[in-house]
Amino acid sequence: MFRIMTRAALGLGALVFGAGMALAAPDPMQALRGKPAGAVALDPMSALRAHAQGGEDMAGNPEFDGLPDGPGAEETYYQCVACHSTEIIKQQRITDLRWDELWTWMVEEQGMVEPDEETRQVILSYLKENFSSER
Ligand code: HEC
């Protein structure tokens, strides 16, 4: 009789223990259940990415530190960021003539290495097209 009681108690114990284990192990996928694959609501960066994609034109090309896209953007970037950021360029609204003067000043006073004539023209056209007070 005593033995039977013990077994019953052990059996009950195992049952309670088993149920406890099941409760103690939360399902890490529970939050995802019922959501479509790739649900963006769970991705805190999705809103930022959507914003970046939408605002690309305004913000310029991130590859060239925010310089606006266009012929000469890449040449300008590599020619000019050797010494300072593109910010100093982007904030300018100066005349075409002033750009020519600044170029000369950069070469003669700051030691900027001049590229070949074609590249020089491409960069100056780009600067005048995008950062001029004349258009
Ligand atoms: C060899 C170094 C060097 C290179 C390369 C260089 N700059 Fe500069 N630039 C300077 C220095 C130095 C200053 C003045 C420092 C400052 O104000 O921070 C300056 C200032 C400027 C300014 C501000 C001028 C003002 O009136 O205050 C502009 C605009 C500018 N650079 C444009 C350019 C552009 C565009 C290029 C590429 C074609 C370029 N820089 C390449 C050294 C350089």
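**Exercise 1. Work out how helix 4 and helix 7 sit relative to each other, and what their contact is made of.**

Helix 4 and helix 7 are roughly perpendicular to each other in this predicted model. Let's go through it. Start with the axes: those of helix 4 and helix 7 cross at roughly 100° and come within 9 Å. Angles of 65 to 115 degrees count as roughly perpendicular, so that label fits.

Next, pick out who touches whom. Helix 4 brings Ala 73, Glu 75, Thr 76 and Gln 79, while helix 7 answers with Thr 119, Val 122, Ile 123, Tyr 126 and Leu 127. Finally, sort this contact by class: five nonpolar residues, three polar and one charged.

**Exercise 2. Do the same for helix 6 and helix 7: which label fits their packing angle?**

First, get the geometry: helix 6 and helix 7 have axes 10 Å apart and pack at an angle of about 140°. That angle makes helix 6 oblique to helix 7. As for handedness, the crossing of helix 6 past helix 7 is right-handed.

Now the contact itself. From helix 6 you have Asp 96, Trp 99, Asp 100 and Trp 103, and from helix 7 Leu 124, Leu 127 and Lys 128. By class, the contact of helix 6 with helix 7 splits into four nonpolar and three charged residues, with no polar ones.

**Exercise 3. Describe the shell around the ligand: which residues come nearest?**

Step one: the shell holds 15 residues, of which Gln 79, Cys 80, Cys 83, Gln 110 and Met 112 come nearest to the ligand. Step two: look for the elements giving two or more residues to it, and you land on helix 4 (73-80), helix 5 (87-90), helix 6 (96-108) and helix 7 (117-130). Step three: classify the shell, and you get ten nonpolar residues, five polar and no charged ones.

**Exercise 4. Decide where pLDDT drops under 50.**

Begin with the whole chain: the average pLDDT is 78, and 57% of the residues score at least 70. Then find the weak spots. Residues 11-16 stay under 50 and have zero contacts beyond four places in sequence. Residues 47-57 are also below 50, again with zero contacts beyond near neighbours in sequence. Where pLDDT is low, don't read the predicted coordinates in detail.

Notes: Residues numbered from 1 in each chain as written. Predicted model: local features only at pLDDT ≥ 70, side-chain atom pairs only at ≥ 80, totals over all residues. Near = placed C-beta within 6 Å. Helix = DSSP H or I, 4+ residues; strand = E, 2+ residues; numbered from the N terminus. Nonpolar A, V, L, I, M, F, W, Y, C, P; charged D, E, K, R; others polar. Axes fitted to C-alpha atoms, helices over the stretch in contact; angles between N-to-C directions. Parallel < 35°, antiparallel > 145°, perpendicular 65-115°, else oblique. Left-handed = near helix turned anticlockwise from the far one by under 90°. Contact = placed C-beta atoms within 7 Å. pLDDT = per-residue confidence, 0-100.
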